[in-house]
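Look at the model below with one matter in mind, namely the empty space that a folded chain can leave among its atoms. The paragraphs that follow begin with enclosed spaces, move on to an open one, and end with the chain as a whole.

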Amino acid sequence: MTPAGGHGARRNGGLVALFAAPLVLLVTLRSVPSLDVAHRSVHFHLVVVSSIAACALTVAVLATVAAARLRQPGVVLLAIGCLVCGVAMLVHGLVTPGVANRPGNVWVARAPVVAVLAFALCQGAAVLAPHSRLARRVAARPVPVLGAFATALAVVATVVVQDPTALAGDALLPGEDDLARIAAVLSVVVLVPTAWTHWKRYRLGRDPIQLALTFAAAMTVAAVGSMRFGILWQLSWWDYHAYLLAGFAAAAGTIFVRQRSARTVDSVLDAAFATDPLEHISRNYPDALRALVRAVEVKDTYTYGHSRRTAEIATALGARLGLAPEELRLLAQGSYLHDVGKIIIPDEILNKPGRLTAEERAIIETHAAAGADLVAHTPALTGTVEIVRHHHERYDGTGYPAGVAAGDIPVLARIAAVADVWDALTSDRAYRPGWAPEQALAHIRAGSGSHFDPIVVQALVDLAADWGYRVAPGGDVDEAWEATQDCHEAGRSDVVVGPRR
C-alpha cells in the first residue's frame, strides 16, 4: 500500500550512518594499533568531561523550566535523564585519579556507566512508553520529582567528590563488572529504538529538535561501544567522550536556538514528545500552506474546518496503513489543502444552502483541478498536487476531474477521498445534520471497490472500531456520495468524529 517502496533504506541512510560510522571507526582503531594513538592527560580529560556535563545540565535546566509548566511526561523524563547524566559526568571528571591529587577509585569508571544508563532509560521511557504509569506519575508532580532527584544527586556527588573512596568507591561491588556489561547492553537495546522513533518524527515534521535527539541517542550508543571496547587513554577510548560531547552539545544548542525563535522552550519540547504524527507534521507546515489555509478560512470558515478534520482522519488512516513518514507528511498537507480550489468558486454557489443545479455542480467540480494548479505553482507544496487534483476520483473510474480508476489514482488521493467523505457525512451541513458514524461507515463500505479503494475502506472500518463504532446494517453508497457533493458544510464547524470518550 505504501508508495515508499524501495526508497525506505535510502531515506533511513542517515540514521544507519550515525550508527555505522562510529562502529567502523572503533573496529579500524582496534585492528590497526598504529592508528590508535595514546594521549594521557588527566586535566584535558577533566575539561572534556566537564564540557559534556555542562551540555547535559543545560538540556536538564531547559527541560526543567518547561516541565514545571507542561507536566508532559517526555519533558520531565528528559530533564531527569540529563540531570543524572550531567551530574554523573561531572563526578567522573572530578574524581579522575591525578586531578587535585585524587586517589585511585571505582567511581571514575562507575560514574559514566550510571550517566549513560540513566539517559538511556529516561529517554526510552519518554519515547517508547510515554503513557506508562511511571511516566504519568513523574509528570503529575514534576517540581517535587525533579527537586528530589537534584537533592539526592547533589548529596551523593558532594560526598564522592570530597572522598572518591566513599560509598563503595574503594573496591568493586560483588558482580559489578557483570552489572556494568548488562547496563551497556540495556542502554543500547533501549537507545536504538529511541533513536529510530525520533528519526521517524524528524522525517514527519523536519523539526531540528527531533534530529538533535536522534543524534544524541545514536552518539550515546557509539559511546557505549567505545567505553566497553576502547583502550584506556588511547583514541579508541577518547572517542566515547567525543561522542557524548557531540550528542549533548547538539541537543543543548538546538533546543536553545529553537526556543529563542519560538519564544518559549515549552512549545519546543512539548512538540518534541508528542505522540500524534499530525502534531509533528502540522507544527512545521510550510509558510505557503499556512497562507493558503488562511485564505480558505477567510473565504469560508466551514471549508477550513472540514479540511482540518480531513487531514486528521487521513493521517490516522495513513499511519494505520503503514505509510512512510514522508508520505504521511504529504498526505496531511494535501488533505488539508484538498478543497483549496474552492477559493475561486463564487460565494453564491459555495454558500448555497440547497441542492445545486447541474451548471452549479459543474462549477463546483472545477475546484479539484483549480486547487491542483494553485499548489503546483508553490514549490514547497508540489508534492501535494496529486492529492488535491484527484481526491474526487472514484475507484471505478467515474469520478472527476480525470476519470482515472483503481491503481491509476494516486494512493494518497485514495486515502484522502475516504477521509473527505467520512468527515463530510458525519459533520452537519446547511441542509442536513451529520450522519451517525455507524451509518456513515455502512454507506462508505457499500462503496468499497466502486467508489473507494477497498484497502482504505477496511482501514477506516478498523480505525472506527478502535474508536468504538461498528458498521450499521445496509448502506447506499450513491446516497452517501450525493450527500457529500452539493454543499459546503455548515453548523458545527468544530465537530470531530473520533474516539468515544
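In this predicted model, the count of cavities of 30 Å³ or more comes to two. A cavity here is a space where a 1.4 Å probe fits but cannot get out. The second largest cavity has a volume of about 50 Å³, and among the residues that line this cavity are Glu393, Arg394, Tyr395, Ile409, His451 and Asp453. Sorted by character, the lining of the second largest cavity divides into five nonpolar residues, four charged ones and one polar one.

A pocket, by contrast, is an open set of points, and the largest pocket holds about 790 Å³ of space. Of the 31 residues lining the largest pocket, Val108, Ala109, Arg110, Pro112 and Val113 are the closest to its centre. Four elements, α5 (107-128), α8 (176-205), α9 (208-229) and α10 (235-262), each give two or more residues to this lining, and the largest share, eight residues, comes from α5. The lining of the largest pocket divides into 21 nonpolar residues, five polar and five charged.

Turning to the whole chain, there are 23 helices and zero strands, and the C-alpha atoms fill a box of roughly 90 × 50 × 40 Å along the principal axes. Of the 501 residues in the chain, 52% are buried, while the accessible surface comes to about 20,900 Å², with 61% of that area belonging to carbon and sulfur atoms. Among contacts between residues at least 6 apart in sequence, 76% join residues at least 24 apart.

How values were computed: Residues numbered from 1 in each chain as written. Predicted model: local features only at pLDDT ≥ 70, side-chain atom pairs only at ≥ 80, totals over all residues. Heavy atoms only, no water. 1 Å grid on protein atoms, 1.4 Å probe; cavity = no way out; pocket = protein on both sides within 12 Å on 5 of 7 lines; lining within 4 Å. Points joined across faces, edges and corners; volume = space filled by probe spheres on them. Nonpolar A, V, L, I, M, F, W, Y, C, P; charged D, E, K, R; others polar. Buried < 20%, exposed > 50% of the residue type's maximum accessible area, 1.4 Å probe, protein only. Contact = heavy atoms within 4.5 Å. Areas by Shrake-Rupley, 256 points an atom, 1.4 Å probe, with all protein chains shown as cover.
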